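I sat down with this one to see how the chain is put together. My notes follow.

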Amino acid sequence: MALGSVIKTLVNNLVTRNYTEIPERVQAGLEKYLNDNEEILLTLLSYRAIYKAPKWVDSNTFFNSWFALTNNRIIIARNSSHFKRFRDIPLNEITQIFYELDEHEGKISITCPGKEDVIEFSKATSPYFNSLEKQLKHAHEKAKELKRSDTDVQSILCTKCGSKIDSESKFCPECGARLGGF
Ligand SMILES: [Zn+2]
């Protein structure tokens with residue numbers, strides 16, 4: 001690529017922010033992180049993601065991070081030079097989702113037993129709110145149906161933190177540890 005076009009690309013990246021396409025370098029890491037049969041349904045840059053943990057000390061706020069919806073979880077990842085996962089929210093653990101998505105604000109509040117995640121999106125991303133709400137509702141419904149029909153999902157315990165996790169997971173959703181056999 002000629003230097004001129006390299007500079008033009010850099011300038012374009014700075015001026016027009018892309019809110020829905022994860023940068024390639026993050027995408028590559030995210031794809032490796034996914035389980036077999038897991039696919040990304042939607043990605044949207046969030047303004048702020050707040051994790052309210054059962055113990056306040058574990059709570060955290062992540063600015064300018066990627067919200068990635070897959071067919072079985074929500075992954076909050078850093079918007080940076082490489083993939084770094086902040087949060088995993090398994091869809092089948094979600095008890096309630098509260099949507100406040102319109103042209104004035106973009107906010108979804110997600111409740112799991114003992115935990116809450118609040119994800120806020122900037123006004124600039126409002127054209128994607130309809131699709132976000134529709135896809136998240138649909139994925140959540142499907143995950144709940146699967147949970148009802150498949151009650152004997154094999155569980156294992158994470159060797160690092162001891163959390164009960166799906167035996168097909170490649171990584172522990174709680175502590176991020178890579179699990180054996182891969
Ligand atoms: Zn773990």
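**Notebook: loop, core and helix**

I started with a loop: Asn37 lies between helix 2 (24-33) and strand 1. Helices here are DSSP runs of H or I with at least four residues, strands are runs of E with at least two, and both are numbered from the N terminus.

Ground rules before going on. I am looking at a predicted model, where local features need pLDDT of at least 70, side-chain atom pairs count only at pLDDT 80 or more, and totals for chains, interfaces and linings use all residues. Residues are numbered from 1 along each chain as its sequence is written.

**Odd phi values**

I looked up the backbone of Asn37 and found phi near 70°, a positive value in a residue other than glycine. Most residues other than glycine have a negative phi. Asn37 is exposed, with 9 other C-beta atoms within 10 Å. I use these cut-offs: 20 or more other C-beta atoms within 10 Å is buried, 12 or fewer is exposed, anything in between is partly exposed, and C-beta atoms are placed from the backbone.

Asn64 also caught my eye, with a positive phi of about 50° although it is not a glycine. Asn64 sits in strand 2 and counts as partly exposed, with 13 C-beta neighbours inside 10 Å.

**Overall layout**

I noted three helices and nine strands, in the order α-α-β-β-β-β-β-β-β-α-β-β. Of the 182 residues, 20% are buried.

**The core**

I checked the largest nonpolar core (buried Ala, Val, Leu, Ile, Met, Phe, Trp, Tyr and Cys residues joined through C-beta atoms within 7 Å). It has 25 residues, and those with the most contacts inside it include Trp66, Phe67 and Ile76. Among the elements that each supply at least two residues of this core are strand 2 (60-70), strand 3 (73-78) and helix 3 (129-149).

I then followed Phe67, which touches Thr43, Leu44, Ser46, Ile74, Ile76 and Ile119, leaving out residues up to four places away in sequence. A contact means C-beta atoms, placed from the backbone, within 7 Å.

**Helix 3**

Which residues of helix 3 are buried? I get Phe129, Leu132, Leu136 and Ala139. Seen down the axis, they fall within an arc of 105°, so they line one face of the helix; the arc is that of the directions from the helix axis to the C-beta atoms. These buried residues pack against strand 1, strand 2, strand 5 (96-101) and strand 6. On the other side of helix 3, the exposed residues include Lys134, Glu141 and Arg148.

Notes
Two residues are in contact if their C-beta atoms, placed from the backbone, lie within 7 Å.
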